[in-house]
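Here are a few short exercises to work through with the model open beside you. Try each one before reading its solution.

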Amino acid sequence: MGWHYSKSIKVGPFRINLSRHGVGHSFGNRRFHVSTTPDGRRYVSVHLPGGIHLSKSLGGRRHRHYPY
């Protein structure tokens, strides 16, 4: 059995999302927002009247390269 943890902190129009996978963030309002997952994937979501929800992934994962 797996476990799940998440915590969200709102700072103005920004939201910082903490989970066991890392830190993600999002920006926007109820109708339109852009979010980044802990592994670097970016999404744009639009909520339209009538219960219509559209979500689109932008690009792939962002790989972070650390210089040694």
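**Exercise 1.** Is valine 34 buried, partly exposed or exposed?

*Solution.* Before starting, note that this is a predicted model, in which local features need pLDDT of at least 70, side-chain atom pairs count only at pLDDT 80 or more, and totals for chains, interfaces and linings use all residues. Residues are numbered from 1 along each chain as its sequence is written, and side-chain values use heavy atoms, with hydrogens and water left out.

Step 1: recall the classes: buried is under 20% relative accessible area, exposed is over 50%, and partly exposed lies in between (1.4 Å probe, protein chains only).
Step 2: valine 34 has a relative accessible area of 29%, so it is partly exposed.

**Exercise 2.** Place serine 35 in its strand and list what serine 35 touches.

*Solution.* Step 1: serine 35 belongs to strand S4; strands (E, at least two residues) are DSSP runs numbered from the N terminus. Valine 34 is also in S4, which covers residues 32–36.
Step 2: a contact means heavy atoms within 4.5 Å. Leaving out residues up to four places away in sequence, serine 35 touches His25, Ser26, Arg41, Arg42 and Tyr43.
Step 3: serine 35 has 16% relative accessibility and therefore counts as buried.

**Exercise 3.** Which residue forms a salt bridge with arginine 41?

*Solution.* Step 1: look for a side-chain nitrogen of Lys or Arg within 4 Å of a carboxyl oxygen of Asp or Glu.
Step 2: the partner is aspartate 39, with the closest N and O atoms 3.1 Å apart. The structure holds 1 salt bridge.
Step 3: arginine 41 is partly exposed at 31%, and aspartate 39 is partly exposed at 27%.

Definitions and conventions: Helix = DSSP H or I, 4+ residues; strand = E, 2+ residues; numbered from the N terminus.
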